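Please open the structure in your viewer and keep the sequence panel visible. This tour proposes one selection after another and describes what is found at each stop.

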Amino acid sequence: MTEQIYKGLAGVVADHTAVSKVNPESNSLLYRGYPVQELAAKLSFEEVALLLWNGELPSTGEKDEFRAFERSHRALDPRVRAAIDLLPLDCHPMDVGRTAVSVLGANHPLSEDSSPEAELTKAKELFAAFPAVVAYDQRRRRGLELVEPREDLDYSQNFLWMTFGEEAPEEVVDAFRVSMVLYAEHSFNASTFTARVVTSTLADLHSAVTAAIGALKGPLHGGANEAVMHTFEEIGIDTAETREDAAARAKAWMEQALAEKRKVMGFGHRVYKSGDSRVPTMKQALDAMVEYYGRGELMGLYDGLEAAMGEAKNILPNLDYPAGPTYHLMGFDTEMFTPLFIAARITGWTAHIAEQRADNALIRPLSAYNGPDERHL
Ligand code: COA
């Protein structure tokens with residue numbers, strides 16, 4: 001009898017989750033029951049994090065308490081800084097993020113304490129500490145010094161402050177906050193599932209997050225947001241070009257790429273087959289950035305690629321498609337885009353780690369052997 005193989009676990013329901021619901025039929029995404037668009041419109045990223053961890057919206061007291069906690073845990077740990085300084089400037093920034101989380105775990109006094117209270121503390125600390133890792137790494141690659149965090153700024157404002165050394169305008173902060181909310185959580189995606197697999201062995205939270213970062217790095221998952229920008233760069237960004245001309249060049253590029261059977265990053269999704277629920281909200285944020293920076297030609301490339309992919313294969317953009325150029329316009333280097341995704345997804349990963357631990361079963365599927373029959377030396 002041949003076993004049924006679910007290649008890539010496609011279509012397999014591996015467990016329950018109460019963290020989020022992805023509904024491809026209605027193109028909707030709910031965090032703990034709330035539509036992500038509503039959360040992105042009305043809440044800070046800090047409030048969304050508390051919702052993901054606790055299951056309910058925070059009270060004013062909870063918000064105030066977390067606000068103080070988060071603002072007092074932002075500084076770059078000197079041991080993390082020392083480890084980052086050992087890494088080459090041309091290594092991928094995802095390697096830096098992965099190393100930083102590993103170092104934080106190795107030094108954490110509660111690293112082997114997996115009680116719900118300890119896990120929540122570690123999750124909150126990681127949430128607060130990670131922006132400094134991204135900001136410092138971005139700056140050292142530009143030959144710039146570390147910028148210390150500021151307690152008078154919120155998470156998004158401070159993230160941009162530490163990265164660029166100046167206060168970001170409100171429009172930019174808002175687009176950044178929206179991207180963080182949209183990237184925070186997405187059910188059993190590859191990196192979250194990785195975090196759950198590691199947790200299921202009863203390993204510690206930092207090991208699970210470190211492994212998740214490894215999964216997120218790949219271009220079929222988180223790495224797609226930077227791959228989108230590489231596509232734009234390959235086509236060529238010409239700031240003097242009209243939107244129409246840019247669209248025409250992008251369309252021709254896409255037709256050629258599809259003729260060569262290339263996979264174009266930022267399009268398609270394992271679960272959503274008729275559109276990614278997060279794209280319209282992220283596209284609004286991108287539009288705001290394009291207007292703010294006066295970069296219409298970039299949208300020519302964006303529209304040209306989208307139209308050509310739609311016409312040829314009816315495959316629609318995913319969240320990484322509008323997120324990539326948004327981060328580019330804000331001034332991040334292309335390779336820093338996926339570490340920004342880590343900063344956001346730490347919330348979802350750690351919510352899933354808690355859920356897995358609370359009702360654990362070792363995750364260990366079967367395989368169908370197709371090697372040589374038994375043979376002897
Ligand atoms: N570019 C070109 N063709 C694509 C495509 C893309 N981005 N995404 C899917 N397709 C095509 C495949 O080539 C395949 O065509 P075929 O049947 O003629 O061989 C078909 O659509 C099904 O694709 P497949 O990769 O098998 O589906 P999947 O459910 O495993 O894929 C992704 C989901 C996300 C891995 C896939 O769409 C992809 O690789 N996208 C690009 C990476 C990306 O943006 N990832 C971020 C996801 S949020």
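At what angle do the axes of helix α3 and α6 cross, and within what distance do they come? Select α3 (residues 60-71) together with α6: their axes come within 9 Å and cross at roughly 60 degrees. Helices here are DSSP runs of H or I with at least four residues, numbered from the N terminus. Axes are lines fitted to C-alpha atoms over the stretch in contact, and angles run from 0 to 180 degrees between N-to-C directions. The helices α3 and α6 are therefore oblique to each other (under 35 degrees counts as roughly parallel, over 145 as roughly antiparallel, 65 to 115 as roughly perpendicular, and the rest as oblique). Their crossing is right-handed, a term used if the near helix is turned clockwise from the far one by less than a right angle.

The model is predicted; local features need pLDDT of at least 70 and side-chain atom pairs pLDDT 80 or more, whereas totals for chains, interfaces and linings use all residues. Residues are numbered from 1 along each chain as its sequence is written, and side-chain values use heavy atoms, without hydrogens and water.

Next, keep α6 (residues 116-141) and add helix α7 (residues 155-164): the axes come within 8 Å and cross at roughly 25 degrees. That angle makes α6 roughly parallel to α7. Here too, α6 passes α7 in a right-handed crossing.

Now replace α7 with helix α5 (residues 93-106), which packs with α6 at an angle of about 140 degrees, the axes being 10 Å apart. This makes α5 oblique to α6.

Finally, select the ligand. It is surrounded by 19 residues (a residue is near if one of its heavy atoms lies within 4 Å); the closest are Lys-263, Val-264, Gly-266, Phe-267 and Asn-318. Display Lys-263: a polar atom of its side chain lies 2.5 Å from a ligand oxygen atom, a polar contact (a pair of N or O atoms within 3.5 Å). At Arg-270, a side-chain N or O atom is 3.0 Å from an oxygen atom of the ligand.

Terms used: Polar contact = N/O pair within 3.5 Å; in protein donor to acceptor, adjacent residues only side chain to side chain. Helix = DSSP H or I, 4+ residues; strand = E, 2+ residues; numbered from the N terminus.
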